Amino acid sequence: MTNLQRILNLVLLPLVVVVSFFFVKGMIAGKPEREVKKPQAVIPSVTFVDSTLTEIVPVITTFGNVQSYNEASLSAQVDGEVVKVDAAFNAGQIVNKGEVLIEIDPQDYVAILAEEEASLASAVQVLAEEEIRANLAAQDWIETGRELEDATDLTLRKPQLAAAAASVASARASLKKAQLDLESTVIRSPFDAIVQSRSTSLGNYVRTGDALGVLVAKDLAEVRLPLTPEQIRRIDLPMNGRSRHSDTGLIAVLTTPSQPSASWTATINRTEPTVDPQNQVIYVVGEIEEPFKETNAFLPIGAFVDARIEAKPIPEARSIPATALVEDRFVWAISSEEILYKQSVTRLLAEGDSLIVRTERATTEEPLKIATRPLASFREGQQVNPVLLDE
């Protein structure tokens, strides 16, 4: 390489670099500036419910077991062989008051009744004879010129007369017992009932006191329902068949898991006078009329039931979802301009998945649009897109 070429390389190379640098810089400077776009504001969608200021009747929930109002355990009153069992005397069958259920062989008691009738007739005869003898003795005493008051009781046959009268009374009592024993060979239903169980059969020999079966009243049943002190404060306990401040008893609507589509009404008309020492609950008792009336939906004795009782009304209250309450003191409400704001509330009570609250300050917007699931990012004055929960 010649000296001239070296000189050219040393001079031209930096020149080319400088020219290229300024060329590129000029091109960059001449490029039009890109327009910067501002991000669009995101308006969140918020689900809400309409909450109206109104009088709310809360519902108390409790549970219990159905019990029989009348229950009769039938037992034999006399000894003997069972000679007849009525076809209706079977578990689940309905029997009417006075209906014959079982007959025990009456022959021995017919014979005993005849003997007692004969004994009574004989005792009456003896008493009549003694009365005649006593009258004759009194006349004989008077005919001798003596005063009747001076005669002894034995002379006037008073002991014999008293013994004969006592024999008549005893014979009458024995006859009455024989009649009752004969009547007791026929066992009848003491009231309109449903047969709960039968424990004897045709041909069995029963003795006095042997169990024959159990009947339960068909027209009326009972249910015992426990109430906590907090629940008691929300109702008027029934006293002496009626509530303390009302002419009508409390009503409980009953349902049972075994028949979810059916319901029954119990009229709560009395309160048990003691408190359960273990859990401090008080039991109220409700009467259920015609629990077996519907054959496809009857309420059996012993069934577990859920009960719903209407409590005293709460005026000027609101019902809101439990999820809407924030910090137990306020809810997020949506104004007519679709702006979020805090609404202070006071919790009154819980009812399932809802709360009954009272707003602490008056509002001109009715109903209130209350956000059902408020977010931690909510702030007052924020624009939102309201979406009704039912939509």
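**Notebook: helix pair H2/H3 and selected strand and loop residues**

I began at the end of a helix: just after H2, Gly145 takes a positive phi of about 85 degrees. I record here that the model is a predicted one.

**Entry 1. Overall counts**

I looked up the general make-up of the protein. I find four helices and 24 strands. Of the 391 residues, 34% count as buried. I then turned to contacts between residues at least 6 apart in sequence, and I note that 73% of them join residues at least 24 apart.

**Entry 2. Helix H2**

I checked the length of H2 against expectation. H2 has 37 residues, and the distance from its first C-alpha to its last is 54 Å, close to the 54 Å expected at 1.5 Å a residue. I then listed the residues of H2 that are buried: Tyr109, Leu113, Glu116, Leu120, Ala123, Leu127, Glu130, Ala134, Ala137, Ala138 and Trp141. Two glutamates, Glu116 and Glu130, are included in that list. I asked what the buried residues of H2 pack against. They pack against H3.

**Entry 3. Helix H3**

I repeated the length check on H3. Its 26 residues should span 38 Å at 1.5 Å a residue, and I find its end C-alpha atoms 37 Å apart, which agrees. The buried residues of H3 are Ala164, Val168, Ala171, Leu175, Ala178 and Asp181. What covers them includes H2.

**Entry 4. How H2 and H3 meet**

I next looked at the geometry of the pair. The axes of H2 (residues 107-143) and H3 (residues 158-183) come within 8 Å and cross at roughly 165 degrees. An angle over 145 degrees counts as roughly antiparallel, and therefore I enter H2 as roughly antiparallel to H3. The crossing is left-handed. By class, the contact of H2 with H3 has 18 nonpolar, five polar and six charged residues.

For one residue of this pair I looked up a distance. Gln179 lies in helix H3, and I record it as partly exposed because its relative accessibility is 30%. The C-alpha atoms of Gln179 and Leu113 are separated by 6.3 Å, although the two residues are 66 apart along the chain. Leu113 is itself one of the buried residues of H2.

**Entry 5. Ser51 in strand S1**

I moved on to strand S1 (residues 45-51), in which Ser51 lies. Is Ser51 buried or exposed? Its relative accessibility is 1%, so I enter Ser51 as buried. Leaving aside neighbours within four places in sequence, I find Ser51 in contact with Arg318, Ser319, Ile320, Glu366, Pro367, Leu368 and Ile370.

**Entry 6. Asn385 in strand S24**

I looked up Asn385, which is placed in strand S24 (residues 385-388). At 34% relative accessibility, I count Asn385 as partly exposed. Asn385 and Thr47 are 338 residues apart in sequence, and I find 8.5 Å between their C-alpha atoms. The contacts of Asn385, leaving aside neighbours within four places in sequence, are Ile43, Pro44, Ser45 and Val46.

**Entry 7. The loop between S19 and S20**

I then looked for positive phi values outside glycine. Most residues other than glycine have a negative phi. Glu327 has a phi near 55 degrees, a positive value in a residue other than glycine. Glu327 is found in the loop between strand S19 (314-321) and strand S20 (330-334). Its relative accessible area is 55%, so I enter Glu327 as exposed.

Asp328 also has its place in the loop between S19 and S20. Its phi is positive, at about 60 degrees, although Asp328 is not a glycine. With a relative accessibility of 46%, Asp328 counts as partly exposed.

**Entry 8. Phe330 in strand S20**

I followed the chain to Phe330, which lies in strand S20. Phe330 counts as buried, at 5% relative accessibility. Which residues does Phe330 touch, not counting those up to four places away in sequence? I find Ala324, Leu325, Lys342, Gln343, Ser344 and Val345. I also noted the C-alpha separation of Phe330 and Thr346, which is 7.8 Å for residues 16 apart along the chain.

Conventions:
Residues are numbered from 1 along each chain as its sequence is written. This is a predicted model: local features need pLDDT of at least 70, side-chain atom pairs count only at pLDDT 80 or more; totals for chains, interfaces and linings use all residues. Side-chain values use heavy atoms; hydrogens and water are left out. Axes are lines fitted to C-alpha atoms, for helices over the stretch in contact, and angles run from 0 to 180 degrees between N-to-C directions. Angles under 35 degrees count as roughly parallel, over 145 as roughly antiparallel, 65 to 115 as roughly perpendicular and the rest as oblique. A crossing is left-handed if the near helix is turned anticlockwise from the far one by less than a right angle, and right-handed if clockwise. Ala, Val, Leu, Ile, Met, Phe, Trp, Tyr, Cys and Pro count as nonpolar, Asp, Glu, Lys and Arg as charged, and the others, Gly among them, as polar. The expected span of a helix is 1.5 Å times one less than its number of residues. Buried means under 20% relative accessible area, exposed over 50%, partly exposed in between (1.4 Å probe, protein chains only). Contact means heavy atoms within 4.5 Å.
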